[in-house]
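Student: I am new to this structure and would like a close look at a single part of its interior. Please take me through it slowly.

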Amino acid sequence: MSEFETLVGLVSQYSPSGQERGAAEWLVTRMKSLGYDDAFIDDAGNTVGVMGRGDKQVVLLGHIDTVPGEIPIHEENGFFYGRGAVDAKGPLACFVDAVAKVGAVDGWQFVVIGAVEEERDSDGARFVASQYQPDFAIIGEPNQWDRLALGYKGSAWANVTVRRGQAHTASGEETAAEAAVGVWLKVKSYVDAFNADKTKVFDKLLLTLRSMESDSNDFEQWARLKVGVRLPVEVSPEDWYAKLNETLKVSETIRVFVEPTGFAVPAWKCEKNTRLVRSFLSGIRSQGGEPRFVYKTGTADLNIVAPAWKCPAVVYGPGDSALDHTPNEHIHLTVYQKAVDVLRAALKILTES
């Protein structure tokens, strides 16, 4: 299992968001043992490993945090089980091992980052977005060893609150709770109309109602909906919030308030015809694979750093994303090794051409 020491060791360090320090310290030690020129924990708590001193820079950005829920570490019939084996310590360990195998390349610098807080508000990625300006960026997420992800949808959340004055229960007037149902149906109707001519999921608005509650006091009734949406490239978070406010104008009696919550994230779509993509296509073929592209319906740290860095980027990493966050999260060790070999080949091609 020595060839999987980075994967096994990293996954063995349980590190849900907010508790990454132990895993970060372990990874710094591991990077130093693999011959990285420098390895440290930055001011945001991210693990950073540097290989090479050249002017051209490749940043390989993974994340070291996981969702909660510890899974017993074990290997069974070539499958390795543990929280983060797929999402996304598998891809991060792959980055660490591949760069170590490539080593220092004249004129180039590889920076491998294990970012914190990706599963919450991407604090680690928001920090590094202003710290680096790479020539190429590779983001670590599980998409199988022979696939490249070239896009992730954006997201926006809002609390939509409906208020009205108190009324007698026998008045027959619409209650705040009833009005909230009408508000939801209006939003859904707009989304359905927007999606009507879209054939690809990546181009659609994906709407969810995550919770609803209502209450009243002596003078007022209220109802609140927690509404989330996955955004296509053509709809910015600002556009979405503006449309919500426009759609939800009701009446003087029924007042609707839209309150954005959390961090809204725009969608991002990578360029396909780049030197970086071509290097990965060659790397995948070198391991007997037939390269495929995928566009994901979730969000990733790509959405944070790509608009800031404005350089060629891809998302790559071993593992089946269908196992993200599940209680039986696991990765096949052969698949992991293939991904390491693909990335090593891609980096060599990228830095030699």
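Tutor: What follows is a walk along one strand, β7, and then into the core around it.

This is a predicted model, in which local features need pLDDT of at least 70 and side-chain atom pairs count only at pLDDT 80 or more, while totals for chains, interfaces and linings use all residues. Residues are numbered from 1 along each chain as its sequence is written, and side-chain values use heavy atoms, with hydrogens and water left out.

As a setting, the protein chain has nine helices and 16 strands, where helices (H or I, at least four residues) and strands (E, at least two) are DSSP runs numbered from the N terminus. Of its 353 residues, 54% are buried, a word that here means under 20% relative accessible area, with exposed meaning over 50% and partly exposed in between (1.4 Å probe, protein chains only).

Strand β7 covers residues 136-140, and five of its five residues are buried. Phe136, Ile138 and Gly140 point one way from β7, whereas Ala137 and Ile139 point the other way. Four bridges join β7 to strand β3 (residues 56-63), and the two run parallel; two strands count as paired if DSSP finds at least two bridges between them. In this pairing, valine 59 stands opposite alanine 137. Four bridges also join β7 to strand β15 (residues 313-316), again in parallel, and here isoleucine 138 stands opposite valine 314.

Isoleucine 138 leads on to the largest nonpolar core, which has 80 residues and in which Leu60, Leu61, Ile138 and Phe280 touch the most other members. A nonpolar core is a set of buried Ala, Val, Leu, Ile, Met, Phe, Trp, Tyr and Cys residues joined through side-chain atoms within 4.5 Å. The largest share of this core, nine residues, comes from helix α9 (residues 333-352). Leaving aside residues up to four places away in sequence, leucine 60 touches Ile138 as well as Phe95, Val99, Phe110, Val111, Val112, Ile113, Leu343 and Leu347, a contact being heavy atoms within 4.5 Å. Apart from the largest core lies another, of 27 residues, including Val162, Ala179, Leu225 and Leu248. In soluble globular proteins, nonpolar side chains tend to be buried together.

Across the protein chain, among contacts between residues at least 6 apart in sequence, 79% join residues at least 24 apart. The C-alpha atoms of the protein chain fill a box of roughly 75 × 40 × 40 Å, taken along the principal axes.
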